[in-house]
Amino acid sequence: GNHTLLSEFVFSALSSRPEVQHLLFFTVCLVYSMTLIGNLLICVVTMHPTLHMPMYFFLRVLSFLNISTASVVVPKMLANLLSEDRSISYLGCVTQLYCVVFLAATEWFLLAAMAYDRYVAVCHPLRYAAIMDTRACLSLLLLSCCSGKVVSVVQTAWLFTLPLCGPRRINYFFCDVPPLVMLSCRDTSLYERQLISATVLVILTPFCLILLSYACIVSSIMKISSAESRHKTFSTCSSHLTVVTLYCASGTLIYLQPRFGNSQDAKKFFALIYTTVIPTLNPLIYSLRNKEVKEVLVRVV
């Protein structure tokens, strides 16, 4: 009853040394620029008539989500690196958390949709065009967005029903669940268990669907007699598997820890990788490992 509810939050500095802050600013600014340029190129390239396939439609959406994820977090972080005022309003924090959770959950379900697309292409090639038509692609996209919205609404509403009493300074660079839970002035063990359960559900449900899809894909690939054909078929799936591994590793290391108070700096590091580096790597992974994308990219550039 003696606690004062917070009306704003203050992010901690990524470093106490000004020269390091400036170096981080230019580094993050460079990475963010690469994220924007790389993902915008993927969006443009995948609209080419020769890449008018469901796989490239989902890749275009994934690139848009990468741009959105980075843009929700990085501009504010860049401003904080050059300013003494690193505060964010209560409403701004709610909005940022909602967007981060929505985009992260939507990306996970979209990766599951991409795995299903690869399953149909490999296991049912003659029926691929009939199964993965425009309506099916839009339905899978809508399902991914709706799933992400449900997760973000539930998590954001539940978190901000907790009384956040202070201190208002959080050891993080954006509004995320782990640092905000630590500001609560009441026992959060129930919420932590709920969050871990929700994270397991959000990560494992798409991950199990992805594993099931690739189990069927591998089974079909092994039936192909030509080694060259097997290699070509698997190469179309390797990029997607690489991205899934990156998302799964980062999400697990950030949210599936026993206690939020442990290894907060490590969580902050992995969150920095997730919000800045991974969106930059996705265009590189898909362009460098996909011959069709590389050919069109050269023509466009």
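A count of aromatic pairs in this predicted model comes to 9. One of them joins Phe-9 and Tyr-90, whose rings are stacked, with 6.1 Å from centre to centre and 25° between the planes. The stacked label applies because planes under 30 degrees apart fall in that class. Phe-9 belongs to strand 1 (residues 8-11) and Tyr-90 to helix 3 (residues 90-123), so this pair ties together parts of the chain that sit 81 residues apart in sequence. The two partners can also be set side by side for accessibility: Phe-9 is buried, at a relative accessible area of 0%, whereas Tyr-90 comes out at 31% and counts as partly exposed. Phe-160 joins in too, making one aromatic cluster with Phe-9 and Tyr-90.

Further along helix 3 there is Asp-117. This acidic side chain is buried, with a relative accessible area of just 1%. So what does Asp-117 touch, leaving aside its neighbours within four places in sequence? The contacts are Pro-54, Met-55, Phe-58, Tyr-128 and Met-132.

Next comes helix 5 (residues 134-159), a run of 26 residues. From first C-alpha to last, helix 5 reaches 37 Å, close to the 38 Å expected at 1.5 Å a residue. Its buried residues are Cys-137, Leu-141, Ser-144, Ser-147, Gly-148, Val-151, Ser-152, Gln-155, Thr-156 and Leu-159. In an α-helix there are 3.6 residues a turn, so residues three or four places apart point the same way. As for what covers the buried residues of helix 5, the list includes helix 2 (54-82), helix 3, helix 6 (177-181) and helix 7 (189-222).

That leaves helix 1 (residues 18-45) and its packing. The axes of helix 1 and helix 2 come within 9 Å and cross at roughly 160°. With angles over 145 degrees counted this way, helix 1 and helix 2 are therefore roughly antiparallel to each other. The crossing of helix 1 past helix 2 is left-handed.

Helix 1 also packs against helix 10 (residues 291-300), at an angle of about 100° and with the axes 10 Å apart. That angle makes the two helices, 1 and 10, roughly perpendicular. Where do helix 1 and helix 10 meet? On the helix 1 side the residues are Leu-41, Ile-42, Val-44 and Val-45, and on the helix 10 side they are Val-293, Val-296, Leu-297 and Val-300.

Key
Residues are numbered from 1 along each chain as its sequence is written. This is a predicted model: local features need pLDDT of at least 70, side-chain atom pairs count only at pLDDT 80 or more; totals for chains, interfaces and linings use all residues. Side-chain values use heavy atoms; hydrogens and water are left out. Rings of Phe, Tyr and Trp (its six-membered ring) pair if their centres lie within 6.5 Å; planes under 30 degrees apart count as stacked, over 60 as edge-to-face and the rest as tilted. Helices (H or I, at least four residues) and strands (E, at least two) are DSSP runs, numbered from the N terminus. Buried means under 20% relative accessible area, exposed over 50%, partly exposed in between (1.4 Å probe, protein chains only). The expected span of a helix is 1.5 Å times one less than its number of residues. Contact means heavy atoms within 4.5 Å. Axes are lines fitted to C-alpha atoms, for helices over the stretch in contact, and angles run from 0 to 180 degrees between N-to-C directions. Angles under 35 degrees count as roughly parallel, over 145 as roughly antiparallel, 65 to 115 as roughly perpendicular and the rest as oblique. A crossing is left-handed if the near helix is turned anticlockwise from the far one by less than a right angle, and right-handed if clockwise.
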